[in-house]
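Below are some notes that I put together while going through this model, set out as numbered points so that each can be checked against the coordinates.

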Amino acid sequence: FFVHDKVLEDQDKVTRKIMMTPIPAKDSVFQLVSESESPVNIKRSMDDQSRDILKSRLKSFSNNFGALLAHRIVIDNQLFGLIILNKLYQDYSDTDLGFIPALSSFSGVLISNIRSKAVEKEKERLENEMVIAERIQTGILPKNYQIQGYQIYAHMKPAEEVGGDYYDILNAPDGNFWVNIGDVTGHGVTSGLIMMMLQTSASSIIHSRPNITPEKLIVHCNKIMFDNIQNRLLLDQFITSCFIKFYPSGIFQFSGAHEDMLVYRKKENKIKKIKTRGIWLGLMEDISHGTELKTSRLDSGDILFIFTDGVIEIKNKENEQFDLHGLVQFFQNSNKAIPEKIGQQLMVELNRFKDKQKDDITFVIIKKE
């Protein structure tokens, strides 16, 4: 049967009312009708139990009770509910007895159609939301970045549900450049909007205060994000994020809590881990007490690899993660001549390894020339 859109508009209200109505499991009519495949007709001319049932149903009408006709609604071989008709003064006709099975059958089909169409509409809404979320997520990524003295390759492959991964590469007015990588909790449009807020906030502060250091930048960004997420959007989402400031000499400073970074030291031909520490953005108004500035350096030929958890937490069919050890092994065995080649080789390896991609895959590879 056709389901009108007005029915769908009222569906949530009706569903809430049904869910809030307790099932009368001890009710004698409920028990009697739910166990019967045929319509149940209870008349005042029947036994004392039938008369008591009618009294309880029509107690406000004194002894002027007539008959009760009921039938169950079954959907997918499961009891959904009952249709119960009350008559005050007379019994039901043969036409009534033939009508109620058709009514209960029609009701079951109608409810099934409403459910199916509601699911279809919700699926369509989610698909549209994911398209918008992916456009936001990929739209704010930097398109062109040429940094003198460095080779850079960045890549993001969104998951089907579109996670909250984000990266940015910014040239600062003072001749240095910044890299920011982050991951917003949750999925969809909301995560995309939070990413856009972070990108806009960081970019504005860097261009207005080019001498700012990463720990001061992240403290400022957090205040903005906390106000937007907690006070305005009234959400409980947060962001893991690391801000890195690079100087032409190869020195880089960084602050923020994110995944460990990997650095390839050409002179030693070894991969080493650089830990990030801090407090997630958006959880509290002031994170200055837990934010510190750390410094490291890239010499000629050294490569810094930063990434989100989607790289190391991707799983194979045996439910095994690629994990950090797998990434270190890959990095050690890869051709380290060009960052783009490393990134392309990594995606081949992850695609070979994975069963399904459930999270975004994001990484930035920076080589000092």
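**Notes on the fold**

1. Helix H5 lies across three strands, namely E5, E6 and E7 (239-246), and its direction makes an angle of about 20° with that of E5. Please keep in mind throughout that this is a predicted model.

2. The strands beneath this helix belong to an open sheet of five, ordered E5-E6-E7-E8-E11, in which the pairing is antiparallel. Its edges are formed by E5 (165-171) and E11 (294-297), each of which pairs on one side only. From one strand to the next, the twist averages 20°.

3. Within that sheet, E5 is joined to E6 (residues 177-184) by seven bridges in the antiparallel sense. For anyone wishing to find the register by eye, Tyr166 is a convenient place to begin, with Gly182 in E6 as its bridge partner.

4. H5 (residues 189-208) also packs against a second helix, H6 (residues 214-232), at an angle of about 140° and with the two axes 10 Å apart. Angles over 145 degrees would count as roughly antiparallel, and H5 and H6 are therefore described as oblique to each other. Their crossing is right-handed.

5. Which residues carry the contact between H5 and H6? On the H5 side they are Ile194, Met197, Leu198, Ser201, Ala202, Ile205 and Ile206, and these meet Leu217, His220, Cys221, Ile224, Met225, Asn228 and Ile229 of H6. Sorted by class, the contact comprises eleven nonpolar and three polar residues, with no charged residue among them.

6. A separate point concerns the open sheet of three strands, which has the order E1-E2-E3 and antiparallel pairing. Here E1 (40-43) and E3 (78-87) are the edge strands, each pairing on one side only, and the twist averages 20° from one strand to the next. Nine bridges connect E2 (residues 67-75) with E3 in the antiparallel sense, and Leu68 is found opposite Asn86 of E3.

7. Helix H4 (residues 94-139) lies across E1, E2 and E3, and runs at about 35° to E2. Ser107 is a residue of H4; is Ser107 buried or exposed? Its relative accessibility is 14%, and because buried means under 20%, Ser107 counts as buried. Apart from neighbours within four places in sequence, Ser107 is in contact with Ile73 and Ile83.

8. Strand E13 (residues 361-368) deserves a paragraph of its own. Eight of its eight residues are buried, so the strand is largely enclosed by the rest of the structure. Ile361, Phe363, Ile365 and Lys367 point one way from E13, whereas Thr362, Val364, Ile366 and Lys368 point the other way, and all are buried. A reader checking the side chains should therefore note that the buried set includes Lys367 and Lys368, as well as Thr362.

9. What does E13 pair with? One partner is E4 (residues 150-157), which is joined to E13 in the antiparallel sense over eight bridges, and in this pairing Met156 stands opposite Thr362. Another is E12 (residues 303-307), which runs antiparallel to E13 and is linked to it by five bridges; there, Ile306 has Val364 as its bridge partner. Thr362 and Val364, the two E13 residues named in these pairings, point the same way from the strand, and both are buried.

Key
Residues are numbered from 1 along each chain as its sequence is written. This is a predicted model: local features need pLDDT of at least 70, side-chain atom pairs count only at pLDDT 80 or more; totals for chains, interfaces and linings use all residues. Side-chain values use heavy atoms; hydrogens and water are left out. Buried means under 20% relative accessible area, exposed over 50%, partly exposed in between (1.4 Å probe, protein chains only). Helices (H or I, at least four residues) and strands (E, at least two) are DSSP runs, numbered from the N terminus. Two strands pair if DSSP finds at least two bridges between them. Axes are lines fitted to C-alpha atoms, for helices over the stretch in contact, and angles run from 0 to 180 degrees between N-to-C directions. Angles under 35 degrees count as roughly parallel, over 145 as roughly antiparallel, 65 to 115 as roughly perpendicular and the rest as oblique. A crossing is left-handed if the near helix is turned anticlockwise from the far one by less than a right angle, and right-handed if clockwise. Contact means heavy atoms within 4.5 Å. Ala, Val, Leu, Ile, Met, Phe, Trp, Tyr, Cys and Pro count as nonpolar, Asp, Glu, Lys and Arg as charged, and the others, Gly among them, as polar.
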